[in-house]
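Here are my comments on the model, set out as numbered points that can be read alongside the sequence and the coordinates.

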Amino acid sequence: MILEITMHDHPALRTRGRAVEKTDAKIHRLAEEMIETMLDAEGIGLAAQQVGLPLQMFVLDVPQMKDRPSAMRVDGKQADFEALMPMVLINPVIEPFGRTRIESEGCLSFPGLRGDVPRPLSIRIKAQTLSGDEISFEADGLLARAVQHEFDHLQGILFIDRMSEEDRLQELPEDVRQLARPALVAGR
Ligand code: CO
């Protein structure tokens with residue numbers, strides 16, 4: 001079932017997610033529906049907040065792209081991340097690292113809008129999978145950016161919060177601009 005995606009000022013988008021206690025049948029069903037919803041909307045990531053449920057859980061479907069490449073390492077070895085997509089990550093903990101780069105981002109909760117967002121190029125992540133196992137990997141490029149964007153959602157942080165005041169003025173309509181919090185520092 002395709003779920004309704006929460007927009008702009010929906011309170012769930014500003015709510016820090018509760019930890020997922022048990023990956024039970026309900027969570028499996030939710031993950032399946034979030035993936036279906038993300039694919040239908042042609043997104044590369046979707047957080048539980050975006051279907052109105054403030055939980056520590058997001059899904060990803062990041063493709064390898066020539067102009068915005070990604071890499072994944074598991075135990076220090078290159079991994080075929082595309083083979084792992086779509087991916088469900090639960091109760092994640094992340095550690096961004098590396099140089100900060102400004103790149104364009106969008107969000108399924110802000111259709112048609114883009115913004116320049118500074119983020120570190122790489123991340124380490126530890127999370128649970130649907131089967132209850134722990135997964136940890138390092139990522140670079142678009143995959144690292146997508147993880148940081150979705151991780152932000154789980155804390156109630158939106159990409160518009162990380163845009164510069166100048167970029168907000170240029171890229172966002174007044175009503176959306178007013179929803180943005182004071183600009184955040186990259187990687188925090
Ligand atoms: Co988003």
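1. To begin with the charged side chains, how many salt bridges does the count come to? The answer is 15 salt bridges, and I would read this figure with the reminder that the model is a predicted one.

2. Several of these charged side chains belong together, since Arg68, Arg101, Glu103, Glu105, Arg119, Arg145, Asp152 and Arg162 are linked in a network of salt bridges. Some members of this network return below, in the points on the cavity and the largest pocket.

3. Two of the salt bridges are local to a helix. In helix α1 (residues 25-40), Arg29 and Glu33 lie four residues apart, about one turn of the helix, and their side chains meet at 3.1 Å, N to O; Glu33 counts as buried because its relative accessibility is 9%, the cut-off for buried being under 20%. In helix α4 (residues 174-177), Arg177 and Glu174 are three residues apart, again about one turn of the helix, with their closest N and O atoms 2.4 Å apart. Glu174 has a relative accessible area of 41% and is therefore partly exposed.

4. A further salt bridge joins the side chains of Asp140 and Arg73, at 2.8 Å from N to O. This pair links distant parts of the chain, with Asp140 in strand β7 (residues 134-140) and Arg73 in strand β3 (residues 70-74), 67 residues apart. Arg73 has a relative accessible area of 17%, so this residue is buried.

5. Which residues coordinate the cobalt ion? The donors are Cys107 through SG, and His149 and His153 through NE2, at 2.1 to 2.2 Å, and their spacing in sequence is C-x41-H-x3-H. Cys107 lies in the loop between β5 (87-105) and β6 (115-128), whereas His149 lies in helix α2 (residues 141-154), so the pair ties together parts that are 42 residues apart in sequence. Cys107 counts as buried at 10% relative accessibility, and His149 likewise counts as buried, at 7%. Water is not among the atoms, so the site may look incomplete.

6. The largest pocket has a volume of about 420 Å³ and is lined by 20 residues, with the metal donor Cys107 among those nearest its centre, together with Ile44, Glu105, Gly106 and Arg114. The elements that give two or more residues to this lining are β5 and α2, and α2 gives the most, with five residues. By class, the lining has eight nonpolar, six polar and six charged residues.

7. The second largest pocket has a volume of about 180 Å³, and of the 13 residues that line this pocket, Arg124, Ile125, Ser136, Phe137 and Glu138 are the closest to its centre. Two or more residues of the lining come from each of β3, β5, β6 and β7, and the classes are five nonpolar, two polar and six charged.

8. How many cavities of 30 Å³ or more does a search of the whole structure find? There is one, with a volume of about 40 Å³, and its lining consists of Glu103, Arg119, Pro120, Leu121, Gly141 and Arg145. Glu103, Arg119 and Arg145 are also members of the salt-bridge network described above. The largest share of the lining, three residues, comes from β6, while β6 and α2 each supply at least two residues. The lining divides into two nonpolar, one polar and three charged residues.

Conventions: Residues numbered from 1 in each chain as written. Predicted model: local features only at pLDDT ≥ 70, side-chain atom pairs only at ≥ 80, totals over all residues. Heavy atoms only, no water. Donors = N, O, S within 2.8 Å, 3.2 Å for Na, K, Ca; no water. Buried < 20%, exposed > 50% of the residue type's maximum accessible area, 1.4 Å probe, protein only. Salt bridge = Lys/Arg side-chain N within 4 Å of Asp/Glu carboxyl O. 1 Å grid on protein atoms, 1.4 Å probe; cavity = no way out; pocket = protein on both sides within 12 Å on 5 of 7 lines; lining within 4 Å. Points joined across faces, edges and corners; volume = space filled by probe spheres on them. Nonpolar A, V, L, I, M, F, W, Y, C, P; charged D, E, K, R; others polar.
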